[in-house]
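Colleague: I have the file open and would like to go through the contacts with you. Could you keep the criteria explicit as we go?

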There are 2 protein chains.
Amino acid sequence: MKASEQRRTTIKDVAEAAEVGVATVSRVLSGTGSASPATRERVLAAAARLDYRPSALGRNLRRRSTGGIGLLIPDITDTFYSRLADGVLACTQAAGEPVMVGATGDDPEREAELIGSLIEQSVERVIAVPSGDGEMWAPAFRAGLGVVFAERRVRGREDVPSVVTDDRSGVRTAVEYLIGLGHRRIAFLGRHGQAQRARAFREALTSLGMTVDEELVVRAHATRDSAYAAASGLFQHRPDLTAVLAGGNMLGEVALLAARELDLRVPRDVSLIMFDDVPWAELCSPPLTVISQPAHDMGYRAAELVLREGRRSRTVTLPTELIVRASCGPRR
Amino acid sequence: MKASEQRRTTIKDVAEAAEVGVATVSRVLSGTGSASPATRERVLAAAARLDYRPSALGRNLRRRSTGGIGLLIPDITDTFYSRLADGVLACTQAAGEPVMVGATGDDPEREAELIGSLIEQSVERVIAVPSGDGEMWAPAFRAGLGVVFAERRVRGREDVPSVVTDDRSGVRTAVEYLIGLGHRRIAFLGRHGQAQRARAFREALTSLGMTVDEELVVRAHATRDSAYAAASGLFQHRPDLTAVLAGGNMLGEVALLAARELDLRVPRDVSLIMFDDVPWAELCSPPLTVISQPAHDMGYRAAELVLREGRRSRTVTLPTELIVRASCGPRR
DNA sequence: AACCATGATGGAATCGTTTCCATGAAGGCG
DNA sequence: CGCCTTCATGGAAACGATTCCATCATGGTT
């Protein structure tokens, strides 16, 4: 069977078959304008008979925009982001909008490239977990993109609608819980791009009357290796710490791994709280105490926001929840 | 700042600025055809000065195809598929091709819709983990799409290039391992769409001289709830089974959960092997023995295949590996 | 000197749709 | 009966690129 170059059936074919003009076909099919019931009938029949599907290409060119939505996330492999993406897809699929996904790896440069590529595609709406600063996003705004940020915001772009979790209260709840258990030397293990959480961590500590030990606030890069190195380094440099707050599920995972590797018992030797609940958290040994985040909702809400961009919508803050399992104990 | 409707700079603007014709600009910028060094210089300078980016819209219409690639997976939330997607992105991003992702939920109907939407977008290449049968895919082939299947194949479409794991040998290795430990009543917990693995399971059993107990071969739907129900039902109906082979990481997860819920100890009361290695498998209690699959590679290879579709490429089979941890023990 | 091959160049057609505008028919109303 | 409004309709002009084709200049060969 040869891949024959059969011409796609166009609106012209339908027009001929229905014995009307192309304009009429377009009006009937898109529901705009008026048409007599009789011709409407004929057009619909012809379209069905020829199995006609309007080409998005022509339409997009005329409309000067792709209907599609761009989605930029740091790492699709991270369950938090994949749940977020799932939420986005759930909403956009209902709206029939295609979604172009790009993985930034939390690298501003790659992000800039991806933004450029989206502009080139004439995508007009973007949902992004931003890694770059305001600078990177300038071209996007210049091109008139409708942008919604998720999970994080961008300094200097506070006017961009965004959907975030209530980091401050989440972190504070976790810190209070740990302090309540008697812990005093608590570490925060975060990733680049989680400056917000690190800040919230410091705030919570000071507002609870403790001093911030900057050595206990460490940041890793987006890769698993970097995270493991950071966690392991933390435990080795500061054997005196008694609790760790991990800023994401990958961080929590490697923290647990590193602790185990160094023969530290959780929670006897060190307590662990992880941001973001995941299905396997209760399968772990010990089951992990977590601060759950509504990742799916977050994506869904972001998609809603970007789809009806008419309303000047402010940022949405989603609540977190402390789920106590077994990875935290009293200070040893 | 008002979102002014500033016109996008087009090839015409560049042509004017460089004092040449649009054809020349196109030739210079796309590298095709010839142009004198002097004009080339002028065009390039003008393009740079105006910050010109050719619109993919115009190009695509003329070329009658979107450069993009469609990616259809059952569930982006499943780490196996998200790793696969990551592999695809890694390859396509290097090639500068945008990727449109759709989640089928293993539902043939939704899959058909998504295929339709891709055709409408004039996407010309698709990578899919197919859930429907040959029927669903007919429109795609009729439209001349370049299709590559991943993880699974479609009955009656054996000629479509695909990238799969060596299910047969993976299953067989697992079964041999369990039988070697003395197990005789082994269950297979699979999902719809994993018929291949179920078949391999039966084959392995019979070829090792055992009879197949059909009650021990169960299939769940793509949702977590359905999977949990299946696992739980299995344990309750057949308390005599001593080992379970789970066909995917979500299945393994719920199997472990269900076992724990029913006070079955792993591996003392029941042994568990899971298809697909995941980072948390060794964090579990007990650490899970798995058959690892190169999900990332799979996506990458599939993307390679679909990108250079020129070569009539046959299907690629990737190896699996048994990773022994602690979830299997001798028959109780 | 006549001729031809080659290379540079721009005009115009093309892709498939939407939408503006003009035309004609029909119907309501004074 | 004539006029005005409304509706249905089709032709044609966008949209922004690529690419065919014709034109013209140049330089080398006989």
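Colleague: What does the polar side-chain atom of Ser26(B) lie 2.8 Å from?

Modeller: That atom of Ser26(B) lies 2.8 Å from a phosphate oxygen of DNA strand D, where a polar contact is a pair of N or O atoms within 3.5 Å and, within protein, one must be able to donate a hydrogen and the other to accept it, with residues adjacent in sequence counting only if both atoms are side-chain atoms. Please bear in mind that this is a predicted model, in which local features need pLDDT of at least 70 and side-chain atom pairs count only at pLDDT 80 or more, while totals for chains, interfaces and linings use all residues. Residues are numbered from 1 along each chain as its sequence is written, chains are lettered from A and ligands numbered from 1 in the order in which they are written, and side-chain values use heavy atoms, with hydrogens and water left out.

Colleague: And which residues have side-chain atoms by the bases of DNA strand D?

Modeller: Arg62(A) has a polar side-chain atom 3.2 Å from a base nitrogen of DNA strand D, and an N or O atom in the side chain of Arg62(B) is 2.4 Å from a base oxygen of that strand. The elements giving two or more residues to the surface near DNA strand D are helix H2 (22-30) and helix H4 (56-63) in chain A, together with helix H2 (22-30) and helix H4 (56-63) in chain B; helices (H or I, at least four residues) and strands (E, at least two) are DSSP runs, numbered from the N terminus.

Colleague: How many residues surround DNA strand D?

Modeller: There are 25 of them, with Thr24(A), Ser34(A), Ile11(B), Ser55(B) and Arg62(B) the closest, and a residue is near a strand if one of its heavy atoms lies within 4 Å of it. Sugar and phosphate make up 64% of the atoms of DNA strand D that come within 4 Å of the protein.

Colleague: Now the other strand: what touches the phosphates of DNA strand C?

Modeller: Polar backbone atoms of Ile11(A) and Ser55(A) are 2.4 Å and 2.8 Å, respectively, from a phosphate oxygen of DNA strand C, and an N or O atom in the side chain of Thr24(B) is 2.5 Å from a phosphate oxygen of DNA strand C. The largest share of the surface near DNA strand C, 4 residues, comes from H2(B).

Colleague: Changing topic, how much area do chain A and chain B bury between them?

Modeller: They bury about 4,400 Å², 57% of it on carbon and sulfur atoms, buried area being the accessible area (1.4 Å probe) that two parts lose on being put together, summed over both. Leu57(A), Glu120(A) and Leu283(A) supply 17% of what chain A buries against chain B, more than any other three residues.

Colleague: How many salt bridges are there between chain A and chain B?

Modeller: The count is 6, each a side-chain nitrogen of Lys or Arg within 4 Å of a carboxyl oxygen of Asp or Glu. One of them joins Arg142(B) to Asp51(A), with the closest N and O atoms 3.8 Å apart. H5(A) gives the largest share of the side of chain A that touches chain B, 7 residues.

Colleague: Last one, how many aromatic pairs over all chains?

Modeller: The count is 7, where rings of Phe, Tyr and Trp (its six-membered ring) pair if their centres lie within 6.5 Å, and planes under 30 degrees apart count as stacked, over 60 as edge-to-face and the rest as tilted. Trp137(A) and Phe149(A) have ring centres 5.1 Å apart and planes at 80°, so that pair is edge-to-face.
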